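Subject: Structure handover

Hello,

Here is the structure I promised to pass on. Please open it first, then read my notes below.

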Amino acid sequence: MKPSLILLCTLLCAQSAFADTPAQTRVKEFKTLLRSFESMGTVVRGRDAYRPDVFARQAATLKADAGKPFASFPAGSQQNSRAKAEIWSQSARFKQEQATFLQRVDTLDAAARAKDMAAIRISYGAVAQSCKSCHDAFRAPVR
């Protein structure tokens, strides 16, 4: 075998050995969402000043990233995660929770772009409720 081919095979094997599992990927992606969402929450709760342009950028980032974690729920990826089996056994309900979440994130983004703090507060609460609803149904408690 040529040295360059051996090197290529070695690099590919090393890369796959360090690749994240679906569970690790979705945890990272949900944490990214949480960082965006919580920074908006400090404004909604009055702990930080409302800067409309900054808030709108945060909402746009949340919207851009909101669907990413849901691609990391392939069948068989429950191991080493808090995902409940119901994600796969009740997939239609899980997909509905996902759709509701994405719609509510869109509504929050629209309120942020409109610079309407009253609508932002309502929309932020709706997104938080969507997270809670999905966690209650599909996420196991900390072990």
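Helix α5 is followed by Lys-115, which has a positive phi, near 60 degrees. Bear in mind that this is a predicted model.

α5 runs from 91 to 114. At 1.5 Å a residue, its 24 residues should span 34 Å. The C-alpha atoms at its ends are 35 Å apart, so the span agrees.

Which residues of α5 are buried? They are Phe-94, Glu-97, Gln-98, Phe-101, Val-105, Leu-108, Asp-109, Ala-111 and Ala-112. An α-helix has 3.6 residues a turn, so residues three or four places apart point the same way. The cover over the buried residues of α5 includes α2, α3, α4 and α6.

Look at Asp-109 in α5. Its relative accessible area is 4%, so Asp-109 counts as buried, the cut-off being under 20%. Setting aside neighbours within four places in sequence, Asp-109 contacts Ala-56, Ala-59, Ala-60 and Lys-63.

Two of those partners, Ala-56 and Ala-59, are themselves among the buried residues of α3. The others buried in that helix are Phe-55, Leu-62 and Asp-65. α2, α5 and α6 are among the elements that cover them. α3 has 14 residues. From first C-alpha to last it reaches 20 Å, close to the 20 Å expected at 1.5 Å a residue.

Now the core. The largest nonpolar core has 27 residues. Which of them touch the most other members? Met-40, Phe-55 and Leu-108 do. α2, α3, α5 and α6 each supply at least two residues of this core. The largest share comes from α6, with seven residues.

Phe-55 is worth selecting on screen. Not counting residues up to four places away in sequence, Phe-55 touches Met-40, Val-43, Val-44, Tyr-50, Leu-108, Ala-112 and Ile-120. Met-40 and Leu-108 are in that list, and both share with Phe-55 the place of touching the most other core members.

Next, the largest pocket. Its volume is about 680 Å³. It is lined by 27 residues, and the closest to its centre are Arg-26, Phe-30, Phe-73, His-135 and Arg-139. By class, the lining has 17 nonpolar, five polar and five charged residues. Which helices each supply at least two residues of the lining? They are α2 (22–44), α5 (91–114) and α6 (117–138).

One loop residue deserves a look too. Gln-79 sits in the loop between α3 and α4. Is Gln-79 buried or exposed? Its relative accessibility is 52%, so Gln-79 counts as exposed, the cut-off being over 50%. Gln-79 and Ala-23 are 56 residues apart in sequence. In space they are 7.8 Å apart, C-alpha to C-alpha.

Last, the whole protein. How many helices and strands are there? The protein has six helices and zero strands. Along the sequence the pattern reads α-α-α-α-α-α. Of its 143 residues, 30% are buried. Take the contacts between residues at least 6 apart in sequence: 74% of them join residues at least 24 apart.

Over to you.

Best wishes

How values were computed: Residues numbered from 1 in each chain as written. Predicted model: local features only at pLDDT ≥ 70, side-chain atom pairs only at ≥ 80, totals over all residues. Heavy atoms only, no water. 1 Å grid on protein atoms, 1.4 Å probe; cavity = no way out; pocket = protein on both sides within 12 Å on 5 of 7 lines; lining within 4 Å. Points joined across faces, edges and corners; volume = space filled by probe spheres on them. Helix = DSSP H or I, 4+ residues; strand = E, 2+ residues; numbered from the N terminus. Nonpolar A, V, L, I, M, F, W, Y, C, P; charged D, E, K, R; others polar. Core = buried A, V, L, I, M, F, W, Y, C linked by side-chain atoms within 4.5 Å. Buried < 20%, exposed > 50% of the residue type's maximum accessible area, 1.4 Å probe, protein only. Contact = heavy atoms within 4.5 Å. Expected span 1.5 Å × (residues − 1).
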